[in-house]
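Welcome to a short set of exercises with worked solutions. Keep a viewer open and try each task before you read on.

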Amino acid sequence: MSTSLTLRPTLYEETVPGGGHASFVLKRGQLLRLTDVEGGANVSLLLLSASEKSERLNLPDTLKCQHTAKLTAGHCLYSDMGRVLAAITADTCGWHDSFGGVLNAQETREKYGEGRYQELRNGFFRNGMDNLLVEMGKWNLNLQDLLMILNLFSKVTVDADGCFRFEPGNSRPGDYVELYAPMDTLVVLTALQHPMDPNPQYAPKPVKLSWHKVESDGISVLCRTSRPENGRGFHNTERLYV
């Protein structure tokens with residue numbers, strides 16, 4: 001699926017602590033590896049075009065055009081302009097959730113308790129909506145720009161009654177997913193528990209981020225060829241740089 005990371009220059013590494021958040025531009029031709037450090041992590045992810053932020057991740061189109069209800073290696077993450085914001089070039093986890101979204105402050109209190117800063121200081125209970133908005137504000141974005149969220153490392157299935165079911169243990173220590181950027185993509189993320197995680201304790205897990213420079217376009221072959229639609233998506237994306 002992908003060349004060993006030992007063959008790629010590592011540009012930068014950092015760890016987002018459980019409850020933390022980050023944002024950055026993943027530049028065209030770069031690859032981002034996200035690693036679940038302890039197992040059981042969840043990363044809520046928002047993607048937008050770095051050059052035109054009104055263009056952003058469209059999960060219904062992403063799922064429909066690839067005829068899937070789950071996302072894994074070989075799949076592309078599409079914008080609402082039919083371009084590929086990122087391609088999943090490698091994945092040891094095997095399933096990433098497109099349905100769960102994030103919790104807001106009230107929902108977090110209802111699920112985990114008060115968890116105030118006044119008592120817990122930096123250990124206070126954070127929520128996905130506010131974490132993402134903090135990062136989005138750095139890019140002149142606000143609540144109206146907070147739309148579709150992908151939850152990496154989490155698996156949500158549908159049972160016989162048509163109800164969503166969270167599957168614990170989907171991601172193990174050391175599991176990773178790699179995102180290749182065929183265009184300059186703004187990445188906004190937070191490392192918090194999935195909204196449907198049945199654990200009643202607030203216990204978000206850390207995730208390691210590492211950036212790599214990919215010298216060859218061959219990294220995207222799996223995604224380009226997995227569906228005819230993906231070939232067209234890459235074509236639409238590459239027209240930006242003609």
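Which residue of β12 is the bridge partner of Leu34? In β12, Leu34 has Leu209 as its bridge partner.

A word on the ground rules: the model is predicted, with local features needing pLDDT of at least 70 and side-chain atom pairs counting only at pLDDT 80 or more, while totals for chains, interfaces and linings use all residues. Residues are numbered from 1 along each chain as its sequence is written, and side-chain values use heavy atoms, leaving out hydrogens and water.

**Exercise 1. Trace the six-stranded sheet from edge to edge.**

Step 1. Start with the elements: helices (H or I, at least four residues) and strands (E, at least two) are DSSP runs, numbered from the N terminus. Two strands pair if DSSP finds at least two bridges between them.

Step 2. Write down the order: the open sheet of six strands reads β1-β12-β3-β10-β6-β5, with antiparallel pairing. Its edge strands are β1 (10-16) and β5 (76-78), each pairing on one side only. On average, neighbouring strands are turned by 20° against each other, direction ignored; here axes are lines fitted to C-alpha atoms, for helices over the stretch in contact, and angles run from 0 to 180 degrees between N-to-C directions.

Step 3. Check the ladders. Six bridges join β1 to β12, with Val16 partnered by Val207. Seven bridges join β3 to β12. Five bridges link β3 (residues 30-36) to β10 (residues 176-180), and Leu31 is partnered there by Tyr180.

Step 4. Look at burial, where buried means under 20% relative accessible area, exposed over 50% and partly exposed in between (1.4 Å probe, protein chains only). In β12 (residues 207-213), five of the seven residues are buried.

**Exercise 2. Find the edges of the four-stranded sheet and the helix lying across it.**

Step 1. The order of this open sheet is β2-β11-β4-β7, with antiparallel pairing. β2 and β7 (150-152) stand at the edges with a single partner strand each, so one side of each has no neighbour in the sheet. Neighbouring strands are turned by 25° against each other on average, direction ignored.

Step 2. Three bridges join β4 to β7, and Leu45 finds its bridge partner in Leu150.

Step 3. Now add α4, which lies across β2, β4 and β11 at about 145° to β11. Within α4 (residues 128-137), Gly128, Asn131, Leu132, Glu135 and Met136 are buried. Those buried residues fall within an arc of 135° seen down the helix axis, so they line one face of α4; the arc is that of the directions from the helix axis to the C-beta atoms. They pack against β2 (21-26), β4 (43-49) and β11 (185-191), where contact means heavy atoms within 4.5 Å.

Step 4. Finish at the N-terminal end of α4, capped by Asn127: a side-chain oxygen lies 3.2 Å from the backbone nitrogen of Met129.

**Exercise 3. Describe the surroundings of Ser79.**

Step 1. Locate Ser79 in the loop between β5 and β6.

Step 2. Is Ser79 buried or exposed? Its relative accessible area is 1%, so Ser79 is buried.

Step 3. List the contacts: not counting residues up to four places away in sequence, Ser79 touches Glu55, Arg56, Leu57, Asn58 and Leu85. A polar atom of the Ser79 side chain also lies 3.1 Å from the backbone nitrogen of Met81.

Technical notes. Polar contact = N/O pair within 3.5 Å; in protein donor to acceptor, adjacent residues only side chain to side chain.
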